[in-house]
Amino acid sequence: MTLKDYFYTELEPIYGLGETTAMWKHLAIYRLKSNRSDSDLKTEIKKLKQNYPIQYITGESAFYDLLLSVTPDVLIPRPETEELVDWVIKDYRDSKQLSILDIGTGSGCIILTLGRHLNCQLCLGVDISSGALDVARHNAIANDVKVDFRQMDILNTKIEEIPKVDIIVSNPPYISKSEQSEMTKSTLDHEPDIALYGPDHDPLRFYTWIANSGSMILNPNGVIYVELNALAHHEILAIFEENKWETEMRKDIYGHWRMLKAKMRSS
């Protein structure tokens, strides 16, 4: 039996043909670049059988047009987040001298992509996790994008310590513990809790903070873009509308309400 046959025999019953094929292609490229042995592959198959994310095995993940390093300190970038980023890029591709704040930057996937495609005088990514910021800074260097990364507990930071910006963008922690049954075992067991779950008493706390504080951080005509918890999109929409924001929601490629854009209503 070839290694490829062995790979499919072990993993297709768990993941199905489509996902197994995608993982094989991902791993094959990684093995070519890193000169992995056959015994290494068998070890990697064992990890995959235990739902260990292939992106953590290879240490990298594609996002938009970037190749990013990822570790268990950061959330693995999702295609839905690419759609949020694409919305911002299409809205601001002709703008000059933008300033952008990315709250909960993680691997830096959002702010690095915006920094590459938009004319930014300030690209700032903040996160509470020092491990995540180490990954983000590495990705900035590897992709030659100039971004300022700062460690910040945004929920407990004074507004005056946050620079004024034109755009706030965020994929915040928003999952409640009650939603764990909707999540994959791979995510539950291996991705960082701090990037997944909102505060136990208030899972939507980050949205509330952004809706409450955004007008004090944004420059005139500034805009907020956030990724949504699709299961709570009505509640999140209400949070912004109660704070006098003019809102627009969009669905992702899977038909879920996943993105929200907010700007201050004209007085």
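This passage walks through a sheet, two helices, a pocket and one leucine in a predicted model.

A good place to begin is the sheet. Seven strands form an open sheet with mixed pairing, and their order is β5-β4-β3-β6-β7-β9-β8. Its edges are formed by β5, spanning residues 148-151, and β8, spanning residues 245-251, each of which pairs on one side only. From one strand to the next, the twist averages 20°. As general background, the strands of a sheet pair through backbone hydrogen bonds, in either a parallel or an antiparallel manner. Within the present sheet, β3 (residues 98-103) and β4 (residues 120-127) run parallel and are joined by 6 bridges. For a reader who wishes to locate this pairing at the residue level, serine 99 has leucine 122 of β4 as its bridge partner.

Two helices can be placed against these strands. Helix α6, residues 109-117, lies across β3, β4, β5 and β6, the last of these covering residues 165-170. The direction of α6 makes an angle of about 175° with that of β4. Helix α7, residues 130-143, lies across β4 and β5 and runs at about 175° to β5.

Attention may now turn to the second largest pocket, whose volume is about 150 Å³. Its lining comprises 10 residues, and those closest to the pocket centre are Asn219, Asn221, Gly222, Lys263 and Met264. At least two lining residues come from each of α10 (205-217), β7 (218-227) and β9 (257-264). The most is given by β7, with 4 residues. Sorted by class, the lining of this pocket holds 6 polar, 3 nonpolar and 1 charged residues.

Finally, leucine 68 offers a close-up view of a single side chain and its surroundings. This residue sits in strand β2, which spans residues 66-69. Is leucine 68 buried or exposed? Leucine 68 counts as buried because its relative accessibility is 1%, and the cut-off for that class is under 20%. Once neighbours within four places in sequence are set aside, the contacts of leucine 68 are Gly59, Glu60, Ser61, Phe63, Pro77, Ser107, Cys109, Leu112, Asn139 and Asn143. One of these contacts, Ser107, is 39 residues from leucine 68 in sequence, while the C-alpha to C-alpha separation in space is 7.5 Å. The contact list also includes Cys109 and Leu112, whose numbers fall in the range of helix α6, residues 109-117. Likewise, Asn139 and Asn143 appear among the contacts, and helix α7 covers residues 130-143.

Methods: Residues are numbered from 1 along each chain as its sequence is written. This is a predicted model: local features need pLDDT of at least 70, side-chain atom pairs count only at pLDDT 80 or more; totals for chains, interfaces and linings use all residues. Side-chain values use heavy atoms; hydrogens and water are left out. Two strands pair if DSSP finds at least two bridges between them. Axes are lines fitted to C-alpha atoms, for helices over the stretch in contact, and angles run from 0 to 180 degrees between N-to-C directions. Contact means heavy atoms within 4.5 Å. On a 1 Å grid over the protein atoms alone, a cavity is a set of points where a 1.4 Å probe fits but cannot get out, and a pocket is an open set with protein on both sides within 12 Å along at least five of seven lines; lining residues have an atom within 4 Å of a point. Grid points are joined across faces, edges and corners, and a volume is the space filled by probe spheres set on the points. Ala, Val, Leu, Ile, Met, Phe, Trp, Tyr, Cys and Pro count as nonpolar, Asp, Glu, Lys and Arg as charged, and the others, Gly among them, as polar. Buried means under 20% relative accessible area, exposed over 50%, partly exposed in between (1.4 Å probe, protein chains only).
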